[in-house]
Amino acid sequence: LLLSLRAFARWLEDPSVRQTVLLGLAVGMASLSKYTAAYLPIIFLVFGISRGARLVAGEEEVGTLEVLASVSVPRYRILLDKALALVTTVSGLGLVTFLATWMTSALFGMGVPTGEALMASAVMAFLGIEFGLIALAVGAFSGHRGLALGTASALATASYLLYVAGVFIEELETWRIVSPF
């Protein structure tokens, strides 16, 4: 493996090869970006909802929540800490998304404005946080991870359908403000 990496590094020392490789990567990233825009909300929703459902209901199903609840910490504090953990992890995913977009744009000269990359990453993080907190609340109330996953996923799907329907159906256009999409 090290010999292969060394050979690859020597091969990239040739300026014409380096330019060809970078051009190919830039074209690949540009064509990938149109698909990424469609999948990025799904990635954040799946991450946020699954994480939110697992934080309380998952621990309840596995049996580790009883140990945590037996400590002299108020239950609201446990739930608040779980919500903070959810917000932190989904925000971390948003930060990684921003940094990857920003560095890729700078490296390949794609011209993505930093402010727009930051805004798009923040919106994706907020989307994951919103539905993740719904999953956390349903999981904390019911104690069932499946119910938390299903409820938050159904609400995310319904809000997306409301957004899309509002684009095409004039009577639903005013309801699009309810959808986070």
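Which residues of α4 are buried? Ile 78, Lys 82, Ala 83, Leu 86, Val 90, Gly 94, Thr 97, Phe 98, Thr 104, Ser 105 and Phe 108 are the ones. Keep in mind that this is a predicted model.

## The fold at a glance

Reading along the sequence, you get α-α-α-α-α-α. That comes to six helices and zero strands. The protein chain has 181 residues, and 25% of them count as buried. If you take the contacts with a separation of 6 or more, 65% of them are between residues 24 or more positions apart.

## How far to trust it

The mean pLDDT of the protein chain is 83, with 80% of residues reaching 70 or more. Among the elements, helix α5 (residues 114–142) has the highest mean, 94, while helix α1 (residues 2–12) has the lowest, 57. Over residues 27–32 the pLDDT is below 50, and beyond near neighbours in sequence this stretch has four contacts in the model.

## Helices α4 and α5

Back to α4, which covers residues 75–108. Its 34 residues should span 50 Å at 1.5 Å a residue, and the end C-alpha atoms are 49 Å apart, so the two values agree. Just after α4 comes Gly 109, with a positive phi of about 65 degrees.

Now for α5, with its 29 residues. From first C-alpha to last, α5 reaches 42 Å, close to the 42 Å expected at 1.5 Å a residue. Here too a glycine follows: Gly 143, just after α5, takes a positive phi of about 80 degrees.

## The second largest pocket

This pocket has a volume of about 240 Å³. The elements giving two or more residues to its lining are α2 (15–62), α3 (65–69), α4 and α5. If you want to find the pocket on screen, look for Val 56, Glu 60, Leu 65, Glu 66, Ala 69, Arg 75, Ile 78, Leu 79, Gly 139, Ala 140 and Gly 143.

By class, the lining has six nonpolar, two polar and three charged residues. A couple of familiar names turn up here: Ile 78 is in the lining and is also one of the buried residues of α4. Gly 143, the residue with the positive phi just after α5, lines the pocket as well.

## A look at Ser 159

Ser 159 is in helix α6 (residues 145–168). Is Ser 159 buried or exposed? Its relative accessibility is 11%, so Ser 159 counts as buried, the cut-off being under 20%.

What is Ser 159 in contact with, leaving aside its neighbours within four places in sequence? The answer is Phe 131, Ser 179, Pro 180 and Phe 181.

Methods:
Residues numbered from 1 in each chain as written. Predicted model: local features only at pLDDT ≥ 70, side-chain atom pairs only at ≥ 80, totals over all residues. Heavy atoms only, no water. pLDDT = per-residue confidence, 0-100. Helix = DSSP H or I, 4+ residues; strand = E, 2+ residues; numbered from the N terminus. Contact = heavy atoms within 4.5 Å. Expected span 1.5 Å × (residues − 1). Buried < 20%, exposed > 50% of the residue type's maximum accessible area, 1.4 Å probe, protein only. 1 Å grid on protein atoms, 1.4 Å probe; cavity = no way out; pocket = protein on both sides within 12 Å on 5 of 7 lines; lining within 4 Å. Points joined across faces, edges and corners; volume = space filled by probe spheres on them. Nonpolar A, V, L, I, M, F, W, Y, C, P; charged D, E, K, R; others polar.
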